[in-house]
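Here are a few notes to read alongside the model, from one colleague to another. I have kept to the packing, point by point.

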Amino acid sequence: MSALSRFIGVFISPGETFTYIAGKPDILFPLIVAIAGSAVVIETLLWKIGAAQLVRNSLVTSGRAASMSAEQLEQAVRTATPFTAIIMHISAVLGAPIFLLIMAGIGLLFLNPILGAQVNFKGVFSTTCYASLVRTVGVVMAIPLIFMGDAEHINPQNPIPTNPGFFLDPSSTSKGLYSLAASVDVLTLWFLIVLAIGLSRLTGGKTKTTTVFFMFFGLWMVWVLGRAAIAAIF
């Protein structure tokens, strides 16, 4: 299968595609796509809106701006802007690989010690990288929304309407509820489903797709509820 065939296959025939990938795991192509997608969204945000406006939006949506005077707000924006720009540039390149490495590590833990499979890290990492290709849908959605959106109201942490939190006002919604709504994301759920299919094929079907999926889903729900609880408390 060519790289393009594998890319399309992840969307339309993941079972067959991941069976092929299990026999010939590769990392470079899907990892480059993941990094490029992340970089395109982040750099578009910086170019179209700017780090200063993104910092100001974050302070407003978090509610911290309400307790500041106009001078304090501008000082906070000036202080945080250079660091925010640097962090965003770095995360544009390193964010996707770090996330995928963590997910692959979790997948390897689920498959080998817990489920008794015999797979290597390269196969799991390759599968995870290919599963992440479904997240390019978010990139395709984000770019026009960033260009057409109001710079003062774009939330860089939640720029696309794939979760209920996108439709809520973060400044007036309770922090716990907003965190919960923003975390229940359709693209994340799709990614977990495709990842479960891929890891099941990697084991030759010895582990069921539903078993792998619900292990990831359970961990995801712990993460979502934990974030919501912390947001509600602090």
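**Notes on the packing**

1. Let's begin at Phe216. Leaving aside residues up to four places away in sequence, Phe216 touches Met103, Ile106, Gly107, Phe110, Leu192, Leu195 and Leu199. Do keep in mind that this is a predicted model.

2. Phe216 also stands out in the wider picture: the largest nonpolar core has 33 residues, and Leu199 and Phe216 are the ones that touch the most other members. At least two residues of this core come from each of α2, α3 (28-48), α5 (70-114), α6 (121-131), α9 and α10 (209-233). The top contributor is α9, which gives 7 residues.

3. There is a second core to look at, separate from that one. This other core has 17 residues, including Ile42, Leu46, Met88 and Leu187.

4. Now for a helix pair: how do α2 and α9 cross? The axes of α2 (residues 14-23) and α9 (residues 186-202) come within 8 Å, at a crossing angle of roughly 45 degrees. Angles under 35 degrees would count as roughly parallel and those from 65 to 115 as roughly perpendicular, so α2 and α9 are oblique to each other. The crossing of α2 past α9 is right-handed.

5. Which residues make this contact? On the α2 side they are Pro14, Gly15, Phe18, Thr19 and Ala22, and α9 brings Val194, Ile197, Gly198, Arg201 and Leu202. Sorted by class, the contact between α2 and α9 comprises 6 nonpolar, 3 polar and 1 charged residues.

Conventions
Residues numbered from 1 in each chain as written. Predicted model: local features only at pLDDT ≥ 70, side-chain atom pairs only at ≥ 80, totals over all residues. Heavy atoms only, no water. Axes fitted to C-alpha atoms, helices over the stretch in contact; angles between N-to-C directions. Helix = DSSP H or I, 4+ residues; strand = E, 2+ residues; numbered from the N terminus. Parallel < 35°, antiparallel > 145°, perpendicular 65-115°, else oblique. Left-handed = near helix turned anticlockwise from the far one by under 90°. Contact = heavy atoms within 4.5 Å. Nonpolar A, V, L, I, M, F, W, Y, C, P; charged D, E, K, R; others polar. Core = buried A, V, L, I, M, F, W, Y, C linked by side-chain atoms within 4.5 Å. Buried < 20%, exposed > 50% of the residue type's maximum accessible area, 1.4 Å probe, protein only.
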